[in-house]
Amino acid sequence: MMRKIYTVLSLITCAVAANSNFAATPDQEVLIAEAQGLVNAFAGRLKPELKQALSDGGPTLAIEVCASQAPKIADALAAESGWSVSRVSLKERNATRAKADDWERAVLEEFDQRAAAGEPPPAINTSDIRNGQFRYMQAQGVEGVCLLCHGEELSEEVRTSLEQYYPDDMATGYSLGQVRGAISLSREF
């Protein structure tokens with residue numbers, strides 16, 4: 001009799017565990033921390049290269065560096081971590097790599113509203129778990145130096161460089177403090 005009760009309880013426990021996402025879902029706080037670490041790593045690798053390019057050759061060299069290095073950095077972080085790493089925007093600069101999917105587009109629209117309401121872009125992020133995937137987005141705000149290549153008034157040499165590296169560029173016309181886009185990360189589990 002005890003053996004039957006034990007067997008039934010074991011089967012019930014297994015069935016509940018098999019039908020529960022809780023057992024298979026990693027801790028969301030751990031995932032958020034990992035995602036934030038990747039955001040910081042991305043910025044920590046790209047920003048020094050952009051600053052050096054600005055110092056060495058001005059905005060046109062920075063555009064060249066951004067065009068060549070940002071995708072390499074995202075790809076390297078993805079290979080190192082197992083996460084998908086990309087930059088997305090409602091007004092993408094690189095149409096082949098920065099086009100937002102439906103979820104990202106909705107989040108970017110929310111980010112714009114949050115920034116317009118006074119929330120500073122560095123504090124704007126969101127995460128979501130659904131269908132075996134964790135997603136995280138961190139807003140990228142427009143800082144003063146960003147306006148050289150993303151602002152409303154661009155020099156002729158910047159415009160020429162943007163046409164060369166980003167023929168379908170839409171990522172201009174921004175002002176200080178706006179959300180320019182986001183770093184978007186995802187991981188299957």
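1. Start with the outward side of α4 in this predicted model. The face turned away from the helix's buried side carries the exposed residues D102, Q113 and A116.

2. Now flip to the other side. The buried residues of α4 are W103, E104, V107, L108, F111, R114 and A115. They sit on the same side of the helix, because they cover an arc of only 130° around its axis. That spacing fits a general rule: an α-helix has 3.6 residues a turn, so residues three or four places apart point the same way.

3. What lies over that buried side? Part of the cover comes from strands, including β1 (84–88), β2 (125–130), β3 (133–141) and β4 (179–188).

4. As for the helix itself, α4 runs over residues 102–116, 15 residues in total. From first C-alpha to last, α4 reaches 21 Å, close to the 21 Å expected at 1.5 Å a residue.

5. Have a look at both ends, too. D101 caps the N-terminal end of α4, with a side-chain oxygen 3.1 Å from the backbone nitrogen of W103. Just after the helix, G118 takes a positive phi of about 105°.

6. How many aromatic pairs turn up in a search of the whole structure? Just one. The partners are W83 and F134, with ring centres 5.8 Å apart and planes at 90°, so the pair is edge-to-face. W83 is in the loop between α3 (28–81) and β1, while F134 is in strand β3, so the pair ties together parts 51 residues apart in sequence. Both partners are buried: W83 has a relative accessible area of 4%, and F134 has 0%.

7. One last ring to check: K91 lies over the face of Y174, 4.3 Å from the ring centre.

Note on methods. Residues are numbered from 1 along each chain as its sequence is written. This is a predicted model: local features need pLDDT of at least 70, side-chain atom pairs count only at pLDDT 80 or more; totals for chains, interfaces and linings use all residues. Side-chain values use heavy atoms; hydrogens and water are left out. Helices (H or I, at least four residues) and strands (E, at least two) are DSSP runs, numbered from the N terminus. The expected span of a helix is 1.5 Å times one less than its number of residues. Buried means under 20% relative accessible area, exposed over 50%, partly exposed in between (1.4 Å probe, protein chains only). The arc is that of the directions from the helix axis to the C-beta atoms. Contact means heavy atoms within 4.5 Å. A polar contact is a pair of N or O atoms within 3.5 Å; within protein, one must be able to donate a hydrogen and the other to accept it, and residues adjacent in sequence count only if both atoms are side-chain atoms. Rings of Phe, Tyr and Trp (its six-membered ring) pair if their centres lie within 6.5 Å; planes under 30 degrees apart count as stacked, over 60 as edge-to-face and the rest as tilted. A charge sits over a ring if NZ of Lys or CZ of Arg is within 6 Å of the ring centre and within 35 degrees of the ring normal.
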